[in-house]
Amino acid sequence: MKILVPIDGSADALAALRHVIALKLAGLGLECVLVNVQDPPSLYEVVTAHDAERLSDVRRAAGADLLAPTEGMLEGAAIAWESEVAG
């Protein structure tokens with residue numbers, strides 16, 4: 001079973017991930033899909049950056065930074081995972 005966990009850096013997202021880990025420790029066979037959705041670039045960012053690819057890279061990096069600690073938690077609990085940054 002795959003369980004989708006949205007990660008936004010909030011305490012609620014962390015609590016949801018801890019619940020998934022508890023389910024795994026209780027014996028449920030599962031994998032986890034972590035997802036972070038980044039806001040679209042602001043007008044200011046578009047005007048100052050002039051490069052859509054750079055803006056996309058910055059959003060992906062910001063999402064990856066948010067996901068990194070949760071990925072570590074899943075590795076520590078021996079839970080298979082995949083992650084995605086959308087936006």
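Which residue in β3 is the bridge partner of N36?

## A pair to start from

It is V85 that serves as the bridge partner of N36 in β3. Please keep in mind as you look around that this is a predicted model.

The bridge belongs to a longer run of pairing: β2, which spans residues 31-37, joins β3 in the parallel sense, with 6 bridges between the two strands.

## The sheet

Zooming out, we find an open sheet of 3 strands, ordered β1-β2-β3, with parallel pairing. Its edges are β1 (2-6) and β3 (81-86), and each of these strands pairs on one side only. From one strand to the next, the twist averages 20°.

As a friendly reminder, strands of a sheet pair through backbone hydrogen bonds, in either a parallel or an antiparallel way.

## Helices on the sheet

Now for the helices. Helix α1, made of residues 11-25, packs on the sheet and touches β1 and β2. The direction of α1 makes about 160° with that of β1.

Helix α3 covers residues 52-76 and lies across β2 and β3. Relative to β3, helix α3 runs at about 160°.

## A nonpolar patch

Finally, have a look at the surface around L43, a residue of helix α2 (residues 43-49). Together, L43, V46 and V47 make a nonpolar surface patch of about 290 Å².

Is L43 buried or exposed? L43 counts as exposed because its relative accessibility is 67%, and the cut-off for that class is over 50%.

Note on methods:
Residues are numbered from 1 along each chain as its sequence is written. This is a predicted model: local features need pLDDT of at least 70, side-chain atom pairs count only at pLDDT 80 or more; totals for chains, interfaces and linings use all residues. Side-chain values use heavy atoms; hydrogens and water are left out. Patches are made of residues with over 30% relative accessible area and no salt bridge: like charges are joined within 9 Å, nonpolar side chains (Val, Leu, Ile, Met, Phe, Trp, Tyr) within 5 Å. Accessible areas come from the Shrake-Rupley method with a 1.4 Å probe; for residues, only the protein chains shown count as cover. A salt bridge is a side-chain nitrogen of Lys or Arg within 4 Å of a carboxyl oxygen of Asp or Glu. Helices (H or I, at least four residues) and strands (E, at least two) are DSSP runs, numbered from the N terminus. Buried means under 20% relative accessible area, exposed over 50%, partly exposed in between (1.4 Å probe, protein chains only). Two strands pair if DSSP finds at least two bridges between them. Axes are lines fitted to C-alpha atoms, for helices over the stretch in contact, and angles run from 0 to 180 degrees between N-to-C directions. Contact means heavy atoms within 4.5 Å.
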